[in-house]
Amino acid sequence: MDIKHMELPLVFFTVMSQWGVGAVLALTIYQLKASQKYLLSGSALRRAVLLIWLIEVVGSTMSMGHLGVPLEAYRSVLGLGHSWLSREAVTFVLLNGIVTLWALSCWLQPTVNTRNTILGWLSGVGGLAAILVTAQVYYQMVAHPLWHTPATQIAFLGSAIVLGFSLVALFVISQGKPLPSTIKVGVLIGVALVLIAQVIRLQLPASQGGSYFLWWQVVMSMLLPCIMVMKAYKERPSVVLIVLIMLAMFSGELAGRALFYGAVMIQAPWF
């Protein structure tokens, strides 16, 4: 598969923005479920929030790389009444605003409080809705069976959950704190969604089931997260190891998303 068919700006946009949404949701759940003893300290929470905010905002801006004339991106809202692309653009502008408010709130008052919790839930649940809007951009294309399938929605949600919950899990581990069962279950739910999506896609023609991208995704964003949550950490892993594990998982979803775009775009002309 030629790299030009992978639509790399869209690969990074969709995976990173979904990753950020899942991480906001996971961090909100962790702060609610962790006992007082295991809550993140103020400085640790600020670092986590800043990282998540950067992932979400940088990921969203990557979509600009797909536009022929980025300075005319504002025109994307003109088709709001009939275009899912326009709805996606507006949805992510609103989402980034809410995520930014959440990040500022947590930064100014890095504790468990009603305002942070409400903004966290709005960002997380609203973000999942935004992800479904993005999925609809592709699902509506009936002429392309690899996109016009429930696997599209499932895969996009799976990326958000597996990457977001894995990031929070690794961050908690890096602080020397035990993982609550809710975060472990979240990671496993994400893995299950990613797996289900690929199983559905593999039943369709031209799914490229033998691609190295698929097997890279299986190892890095399905097997590796499972190993991470099942491992008993007797010693705190090094920061370098934690970063490498997260990047490996991220690369797995990038590979899966590149296959998602490439398997269809290689069929050009595709309208």
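How far apart do the end C-alpha atoms of residues 151-173 lie? They lie 32 Å apart, and the span is 100% helix and 0% strand. Helices here (H or I, at least four residues) and strands (E, at least two) are DSSP runs, numbered from the N terminus. This is a predicted model, so to speak: local features need pLDDT of at least 70, side-chain atom pairs count only at pLDDT 80 or more, and totals for chains, interfaces and linings use all residues. Residues are numbered from 1 along each chain as its sequence is written, and side-chain values use heavy atoms, with hydrogens and water left out.

Residues 151-173 turn up in the unreviewed UniProt entry, which lists them under "transmembrane region" along with 12-30, 50-69, 89-107, 119-139, 185-202, 214-233 and 240-264. UniProt positions are in the numbering used here, feature names are shortened, and annotations may be inferred rather than shown by experiment. Another of these spans, 89-107, is also 100% helix and 0% strand, with its end C-alpha atoms 27 Å apart.

Now for helix H2 (residues 42-61). Among its buried residues (under 20% relative accessible area with a 1.4 Å probe, protein chains only; exposed is over 50%, partly exposed in between) are Ala44, Ile52, Glu56 and Ser60. The buried residues of H2 cover an arc of only 130 degrees around the axis, taken from the directions from the helix axis to the C-beta atoms, which puts them on the same side of H2. They pack against helix H1 (8-33), helix H3 (84-108) and helix H5 (150-174), where contact means heavy atoms within 4.5 Å.

Helix H3 holds valine 99, which is buried at a relative accessible area of 2%. Leaving aside neighbours within four places in sequence, valine 99 is in contact with Trp53, Glu56 and Ser123. Glycine 20 is 79 residues from valine 99 in sequence, yet the two are 9.2 Å apart in space, C-alpha to C-alpha.

The largest nonpolar core (buried Ala, Val, Leu, Ile, Met, Phe, Trp, Tyr and Cys residues joined through side-chain atoms within 4.5 Å) has 75 residues. H5 gives the largest share of this core, 16 residues. Tyr138 is one of those with the most contacts inside the core; leaving aside neighbours within four places in sequence, tyrosine 138 is in contact with residues including Leu10, Trp147 and Phe260.

Finally, serine 207 sits in the loop between H6 and H7 and is buried, with a relative accessible area of 11%.
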